[in-house]
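This report introduces a structure to a reader who has not met it before. It begins with an internal cavity and then turns to a strand and its partners.

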Amino acid sequence: MTIEVTDANIQELLAQGKPMVIDFWAQWCGPCKMMLPIVEELAAENEGKVIVGKLNVDDNPETCEQFGIMNIPTMLFFRNGELVDRHVGACRKPDLQKRIESLL
């Protein structure tokens, strides 16, 4: 299951130090909608190992600015609260799974 990431809770989530993936998306974004089932599947398959969150860019401008989000979908990958990888655009599930495994 994915969790909702917001400007208000992102620092608290990162402070946990757990491996985390954040999907930056918007309701009006076609490629974001295409990625939704893939992100949900990855969240379910990696539950307990990695936090998978979704951040709506329209509702959370501070976090988007903090991480320089210019295009969506963008996936950010964190280890120990630090940004270690980023992917911009739609991609295949196996490619995302490899990036997730690199966090573990």
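## The largest cavity

In this predicted model, the residues that line the largest cavity are Val21, Val39, Leu42, Val52, Met75, Leu96 and Ile100. Two elements, helix H2 (30-45) and helix H4 (93-103), each give two or more residues to this lining.

The structure holds 1 cavity of 30 Å³ or more, and the volume of the largest cavity is about 50 Å³. Its lining comprises 7 nonpolar residues, with no polar and no charged residues.

## Strand E4 and its surroundings

Strand E4 covers residues 74-79, and 5 of its 6 residues are buried, so the strand is largely enclosed by the rest of the structure. Met75, one of the residues that line the largest cavity, lies in E4, where it stands opposite Asp23.

## Pairing with E2 and E5

Strand E2 (residues 20-25) pairs with E4 in the antiparallel sense, over 5 bridges. Strand E5 (residues 82-88) also runs antiparallel to E4, and 6 bridges join the two. Within the pairing of E4 and E5, Leu76 has Arg86 as its bridge partner.

How many residues lie between E4 and E5 in their hairpin? There are 2 residues between these strands, and Asn80 in the turn has a positive phi of about 55°.

Terms used. Residues are numbered from 1 along each chain as its sequence is written. This is a predicted model: local features need pLDDT of at least 70, side-chain atom pairs count only at pLDDT 80 or more; totals for chains, interfaces and linings use all residues. Side-chain values use heavy atoms; hydrogens and water are left out. Buried means under 20% relative accessible area, exposed over 50%, partly exposed in between (1.4 Å probe, protein chains only). Helices (H or I, at least four residues) and strands (E, at least two) are DSSP runs, numbered from the N terminus. Two strands pair if DSSP finds at least two bridges between them. On a 1 Å grid over the protein atoms alone, a cavity is a set of points where a 1.4 Å probe fits but cannot get out, and a pocket is an open set with protein on both sides within 12 Å along at least five of seven lines; lining residues have an atom within 4 Å of a point. Grid points are joined across faces, edges and corners, and a volume is the space filled by probe spheres set on the points. Ala, Val, Leu, Ile, Met, Phe, Trp, Tyr, Cys and Pro count as nonpolar, Asp, Glu, Lys and Arg as charged, and the others, Gly among them, as polar.
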